[in-house]
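Here are a few exercises to work through with the viewer open. Try each task yourself, then compare with the steps underneath.

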Amino acid sequence: MKKLNSARRQLKEDIAGYLFISPWLIGFFAFAIIPIVISIYFSFTNYDILGSPVFNGLTNFKRMWTDTRFWKSLKVTFTYAFIAVPLRLVFAFFLAALFKQGSRMIRVYQAAYYLPSLVGGSIAIAVMWRRMFTSDGVINIFLKIFGINSTINWIGNPDTALWVIIVLAIWQFGSSMLIFLAGLRQIPKTYYEAASIDGAGWVRQFFTITLPQMTPIIFFNLIMQLISGFTVFNQAFIISGGRGDPLDSTLVYSLYLYMRAFAYNEMGYGSALAWVLVLIIAVFTAFIFKTSDRWVYYES
């Protein structure tokens, strides 16, 4: 009888717990699980949003092999991710190391450098950034101060347009910087004191103490920033005018996916593109996890 009462009491507690988290569960299934399942189905169909989806097997995936803009978007995205992500992490780590030294104005500096990460992804900042890099924008005016008479339309030149987006991405290093700073502050000072007694300079201390101790934080930031790099959209959409101009030089993968799904009403093909992107991110993430035991140091 006691066991039965205990089981009933436990059941009531479980039901109460599920009732309390039911809003989250409903949202999770309605806005995450169900759309994912529908997207998988659409990727195997010919669906133009206006009509009914027609199953076509692997046709959407086979189409990618002959889609030149698909390969162009992959090239642009890889270029962006493999340049912007490392540079962002390097700048973030460098400034975190400077802030670790301490200063009366440290909180002000941290807020100032973190601010771009808060506003950098907004539409207003992207519009401002687009205006700054026009032929009569702030950048060319600034260059004239140093005697460089530049009239380049940076966002209208295929050779420089992608770099405008990359520079914007590097400017948004604040979140990574704060994570690095938190990690640097967790390194025991006794390590550096012992190294100084042994005659190790700051360069050797960096490579033998700081860098190994920070590898778990670097690992985390690398994963998160790489995913962010592969899924960049807002900045490219605004700066390129929503078309990947000029000459598809800013046609990142997410922008091309958006164009196919919503601009051309090819929701089936767009869903297939989305799952290819998921696969690409999964492969790179798995590769980093697989190789992490060779370069990530854990004290345990």
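**Exercise 1: the loop before α12**

P246 sits in the loop between α11 and α12. This is a predicted model, where local features need pLDDT of at least 70, side-chain atom pairs count only at pLDDT 80 or more, and totals for chains, interfaces and linings use all residues. Residues are numbered from 1 along each chain as its sequence is written, and side-chain values use heavy atoms, with hydrogens and water left out.

Task: go through the backbone around P246 and D248, then place V252.

Step 1. Check omega: the peptide bond from D245 to P246 is cis, with omega near -5°.

Step 2. Move on to D248, which is in the loop between α11 and α12. Its phi is near 60°, a positive value in a residue other than glycine.

Step 3. D248 has a relative accessible area of 18%, so it is buried (buried means under 20% relative accessible area, exposed over 50%, partly exposed in between, with a 1.4 Å probe and protein chains only).

Step 4. V252 is in the loop between α11 (234-239) and α12 (253-263); helices here are DSSP runs of H or I with at least four residues, strands are runs of E with at least two, and both are numbered from the N terminus. V252 counts as buried at 1% relative accessibility.

Step 5. List the partners of V252: leaving aside neighbours within four places in sequence, V252 is in contact (heavy atoms within 4.5 Å) with S73, V76, T77, V232 and A236.

**Exercise 2: a second positive phi**

Task: find where I49 lies and classify its exposure.

Step 1. I49 is in the loop between β1 (45-46) and β2 (54-55).

Step 2. It isn't a glycine, yet I49 has a positive phi of about 75°.

Step 3. With 34% relative accessibility, I49 counts as partly exposed.

**Exercise 3: the cores**

Task: which elements give two or more residues to the largest nonpolar core?

Step 1. Start with the core itself (a nonpolar core is a set of buried Ala, Val, Leu, Ile, Met, Phe, Trp, Tyr and Cys residues joined through side-chain atoms within 4.5 Å). The largest one has 45 residues, and F70, Y80, Y253 and L273 have the most contacts inside it.

Step 2. The elements giving two or more residues to this core are α3 (68-99), α5 (123-132), α7 (161-171), α10 (202-230), α11, α12 and α13 (267-295). Of these, α13 gives the most, with nine residues.

Step 3. Zoom in on F70: leaving aside neighbours within four places in sequence, F70 is in contact with M64, Y253, Y256, Y269, L273 and V276.

Step 4. Apart from the largest core lies another, of 18 residues, among them V85, F173, Y192 and M214.

**Exercise 4: the whole chain**

Task: is the protein a compact globule or more spread out?

Step 1. Count the elements: there are 13 helices and two strands.

Step 2. The radius of gyration is 25 Å, well over the 19 Å that the globule rule gives for 300 residues, so the protein is more spread out than a compact globule. The radius is taken over C-alpha atoms, and the rule is 2.2 Å times the number of residues to the power 0.38.

Step 3. For dimensions, the C-alpha atoms fill a box of roughly 80 × 70 × 35 Å along the principal axes.

Step 4. For burial, 38% of the 300 residues count as buried.
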